[in-house]
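Open the model in your viewer and keep the selection tool ready. We will go from the ligand outward, then to the cysteines.

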Amino acid sequence: LGPTVCVGEILVEIVATTVGDGFLEAQPLVGPFASGAPAIFISQCGRLGGKAAMVGAVGDDDFGRVNTDRLKRDGVDISTIAIDPDYPTGSAFVRYRKDGSRDFVYNIATSAAARFGWSQTVGDLIDRSGHLHVMGSALSVPSAREVIDKAVDIVKARGGTLSVDPNIRKELKLDKDTERRFSKLVAAADLLLPSGEELERAAGVESEAEAIRRLFEIGVKEIVLKRGAEGATYFGRDGDRIDAPAFVVQEVDPTGAGDCFGGAYLTCRRLGMSPQQALTYASAAGARNVMVLGPMEGAGTRQELDAFIASTERRP
Ligand code: ADP
């Protein structure tokens, strides 16, 4: 089967090394780190040895090269990452607050990340891809959403599969058009990877049990719910449920855990593993990534994840 393709924003992340509120005073910073939820996801796919390709854009600058070099090293096909000659690579400055929440300064809307489109090379890739992964957040970027619309139809029409990470906070109000696109995307998903309350949000209902029932009713085939340090749960159409406890680790930087988790789960399933086995690798990938600073610095290879699983305890 063809490669897993992910479409969306590619950025660098620069992280304040002190904890506190915002950026109104000079801060010691560390970075740039390769980032962007779709890029983190595909990095983990590539690292695990799955065939993987990324569609997006960076500027013709060092921040762009941080990303393309990194993804290439991870084994990701980067031939469909456009190098925009006119706009810089997207960036996000992040500072953690005492309570674990984060303040951001973003440059995405006016960066290369929001300016890529369909091209012959992208079309050729989508024509041979076996799986498409979409982050709900990409639907608010007009260029990304055009590519996604087209790609979903092509991949599904030729028997490929689709995974969706809703990646949309419950309180975020979407405009009517984006809401409609989001619902369509969820209904077309073979695998849904929501985090916490995104599950109910994706189903448009209030309770977890009702959401699961509703999502299977509209055609979703497999759901994996991410619960941070509480672990994750697999739900199958046949009523199967598997709870995967989290590994016990010291959390340093939770950014990117869900994307690594998703990339690992999907890749393991595409490599033929059972949901149980895929959940173990995914939980390890998520846990390993929270132990280090930087959104994808902890993404692991098969060997690294095997070593981590063998040497790390899981919560009771
Ligand atoms: P998202 O980033 O999408 O909100 P989560 O924070 O739920 O996703 O993280 C995804 C997975 O990564 C979790 O289901 C869990 O397996 C693992 N994980 C996340 N945070 C931790 C943590 N502090 N300790 C151990 N595992 C974690």
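Helices (H or I, at least four residues) and strands (E, at least two) are DSSP runs, numbered from the N terminus. This is a predicted model, where local features need pLDDT of at least 70, side-chain atom pairs count only at pLDDT 80 or more, and totals for chains, interfaces and linings use all residues. Residues are numbered from 1 along each chain as its sequence is written, and side-chain values use heavy atoms, with hydrogens and water left out.

**The shell**

Select the ligand and the residues around it (a heavy atom within 4 Å). There are 18 of them, and Ser195, Gly228, Gly231, Glu251 and Gly258 come nearest. Now colour α8 (257-270) and α9 (275-290): each supplies at least two residues of the shell. Which helix gives the largest share? It is α9, with four residues.

**Polar contacts**

Next, look for N or O atom pairs within 3.5 Å, the cut-off for a polar contact. Pick Lys226: a polar side-chain atom sits 3.1 Å from a ligand oxygen. Move to Gly228, where a polar backbone atom is 2.6 Å from an oxygen of the ligand. At Gly231, a backbone N or O atom lies 2.9 Å from a ligand oxygen. The protein buries 85% of the 550 Å² that the ligand exposes when taken alone; these areas come from the Shrake-Rupley method with a 1.4 Å probe, and for residues only the protein chains shown count as cover.

**The cysteines**

A disulfide needs two cysteine sulfur atoms within 2.5 Å. The count here is zero. Select Cys260 and Cys45: Cys45 holds the cysteine sulfur closest to that of Cys260, but at 9.7 Å it is too far for a bond. Finish at Cys268, whose sulfur is 9.6 Å from its closest cysteine sulfur, also in Cys45, and so too far for a bond.

Key. A polar contact is a pair of N or O atoms within 3.5 Å; within protein, one must be able to donate a hydrogen and the other to accept it, and residues adjacent in sequence count only if both atoms are side-chain atoms.
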